[in-house]
Structure formats: structure tokens, C-alpha cells
Amino acid sequence: MGPAGQNQPVVAGCESAPNKVKFVAMADSKYLAVSRELAAISRRFYDRGWVLGTSGNFSAVLRRRPLRLAITASGQDKGRLRPSHLLQVDERGNGTGRTRLRPSAETLLHLEIVRRRGVGAVLHTHSVWSTMLSDTYAPDGGFEISGYEMLKGLSGVTSHEHHEWVPILENDQDMDRLARRIGETLEQRPDAHAILLRRHGLYTWGDTLADASRHVEILEFLFETVGRSASLG
């Protein structure tokens, strides 16, 4: 109430200091939780041989408007990844806040997938089998997987009779160009759960980190199965 017993005017769009502090604390808490989960996923995938050395990168959406991602920093050993090895990036892939870390070189690819698919997490691995298959089937632009019960681990798939097409794109060090090509591929293949980059590795995603992590496990199983089956003739 004002001095004359009247309500003070409220300025639209303004928050009180306590509310701002509460919002920042909640945002920091979410970032810390997501960073811990991404670090744990990284170490687990390293143990499976899917992200050896500094290969691979992982991200999760922190906020939609404006878009903010938690993402692995460049050059980090995935077997020793800790929450402190991640940072936040904005919608252009630039780091936010005070940090000496550099975002992954492939941050633009994560952002493109998040925008196109509306997902909550993107995971990128460098396994032996995904690398080999991406080279073998590159001339065909991809390959189909069907008839395996494990396909039902992919979101929205309810039968082993599902036909999963895995697109393969040529690798490229120009991330702007590669992001555009990924976007075009996702538009052409709206049902795809993954993309392979030739002689590089797997990109997959999910509504949540748990979904994306499950997709990596399912797809890596299927890639190894397809590869071993082909080698047996």
C-alpha cells in the first residue's frame, strides 16, 4: 500500500528481487542435476567402448525460451567426465556465463536436432560398429533394420516388423553446412530415430535424457548385430 493507503503501481514484466533469486537458484539446480546425469552417461558409454578418448558429445535442453543447452565441453576425456566439464550454450552455440570451457565443435548439430525434433536431449557416440556400418552403407545413403525385437526399444515402435531407416551423411568439418544437411535429412525422414555420419559416428535423441540414452543402447546393439550378421554371410 502507498502512503495514502492506495496500491502501488506494478510495472509489467518486472520481478521482485526474491523472485529473481529463486528463479536463478532453480535454474542452477536444474543445470547441476542435468550435468551430473550427462557425466554419468558419458562414463557408462565409455565403459561400453562407445566414446573412447575425447570422442562423442552430449547435450540436454535446460530451457526452451530462450533456448539453452547443457553440453559437453570440447576436448574432454569421456571416461573421466565430470559435471564441471560441461557448460551452458545459447541458441547460437555460444557459451553463457563465466567459463573458460569451449563448447563442443559439434554444438550446432545438437541445436539443429533440438529445433527440428523438439527433443530434450541429443547424444553422439563413436562406436566401432556405427563407424564401420556408416562407411559400408554410405553409397546407399543409409540402411534399413527390420525384424529384430530390440527395435521396440525405440520410441513409438511397437513391433519387430518395424522398418527403421538409418540415414548416412558424409562427414564435414564445416559445422554450419553439416547442420543444414542434418536439418534437411530430418525433414525428409520424419520417422528416423538416428543419423550416422560417415566414418564418424551416431547421433540420436529423445524427449528425455533417459529416452536418448535408451536409444543409444538399442541402436548400438542393432548395429553390432547387423555388422556381425553380415560378416557371417
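Strand 6 (residues 163-169) and strand 7 (residues 194-197) pair in the parallel sense, over two bridges. One bridge joins Ile168 to its partner in strand 7, Leu196. This is a predicted model. Both strands belong to an open sheet of eight strands. The points below start with that sheet, then turn to one buried serine, the salt bridges and the aromatic rings.

**The sheet and a helix across it**

- The strand order is 3-2-1-4-8-7-6-5, and the pairing is mixed.
- Which strands form the edges? They are strand 3 (86-89) and strand 5 (142-146), and each pairs on one side only.
- From one strand to the next, the twist averages 20°.
- Helix 3 (residues 128-136) lies across strand 5, strand 6, strand 7 and strand 8 (201-206).
- Helix 3 runs at about 75° to strand 7.

**Ser59 in strand 1**

- Ser59 lies in strand 1, which spans residues 57-63.
- Is Ser59 buried or exposed? Its relative accessible area is 1%. Buried means under 20%, so Ser59 counts as buried.
- The side chain of Ser59 makes a polar contact with the side chain of His110, at 2.7 Å.
- His110 is one of the buried residues of helix 2 (residues 107-117). The polar contact therefore has a buried residue at each end.
- Leaving aside neighbours within four places in sequence, Ser59 is in contact with residues including Leu38, Leu69, Ala70 and Ile71.
- Ala121, Val122, Leu123 and Leu209 are also among the contacts of Ser59.

**Helix 2 and its salt bridges**

- The buried residues of helix 2 are Thr107, Leu109, His110, Leu111, Glu112, Ile113 and Val114.
- Just after helix 2, Gly118 takes a positive phi of about 65°.
- Side chains of opposite charge can pair when their charged atoms come close.
- Arg116 forms a salt bridge with Glu112, and their closest N and O atoms are 2.9 Å apart.
- Arg116 and Glu112 both lie in helix 2, four residues apart, which is about one turn of the helix.
- An α-helix has 3.6 residues a turn, so residues three or four places apart point the same way.
- Glu112 has a relative accessible area of 15%, so this residue is buried.
- Arg116 has 40% relative accessibility, so this residue counts as partly exposed.
- Arg116 also meets Glu187 in a salt bridge (3.2 Å, N to O).
- Why does the pair of Glu187 and Arg116 tie together parts that are apart in sequence? Glu187 lies in helix 4 (residues 175-188) and Arg116 in helix 2, so the pair joins parts 71 residues apart in sequence.
- Glu187 is exposed, because its relative accessible area is 59% and the cut-off for exposed is over 50%.

**Salt bridges elsewhere**

- How many salt bridges does a search of the whole structure find? The search finds 13.
- Asp211 and Arg214 meet through their side chains in one salt bridge (3.0 Å, N to O).
- Asp211 and Arg214 are three residues apart in helix 5 (residues 209-231), so about one helical turn separates them.
- Asp211 is buried, with a relative accessible area of 18%.
- Arg214, at 29% relative accessibility, counts as partly exposed.
- A network of salt bridges links Asp135, Glu170, Arg198 and Arg199.

**Aromatic rings**

- A search of the whole structure finds four aromatic pairs.
- In one pair, the rings of Phe45 and Phe58 have their centres 6.0 Å apart. Their planes stand at 75°, so the pair is edge-to-face. The cut-off for that label is over 60 degrees.
- Phe45 is in helix 1 (residues 17-47) and Phe58 is in strand 1, so the pair links distant parts of the chain, 13 residues apart.
- Phe45 is buried, with a relative accessible area of 0%.
- Phe58 is buried too, and its relative accessible area is 0%.
- Which residues form one aromatic cluster? Phe45, Trp50 and Phe58 do.

Conventions
Residues numbered from 1 in each chain as written. Predicted model: local features only at pLDDT ≥ 70, side-chain atom pairs only at ≥ 80, totals over all residues. Heavy atoms only, no water. Buried < 20%, exposed > 50% of the residue type's maximum accessible area, 1.4 Å probe, protein only. Polar contact = N/O pair within 3.5 Å; in protein donor to acceptor, adjacent residues only side chain to side chain. Contact = heavy atoms within 4.5 Å. Pairing = 2+ DSSP bridges. Axes fitted to C-alpha atoms, helices over the stretch in contact; angles between N-to-C directions. Salt bridge = Lys/Arg side-chain N within 4 Å of Asp/Glu carboxyl O. Phe/Tyr/Trp six-rings, centres within 6.5 Å; stacked < 30°, edge-to-face > 60°.
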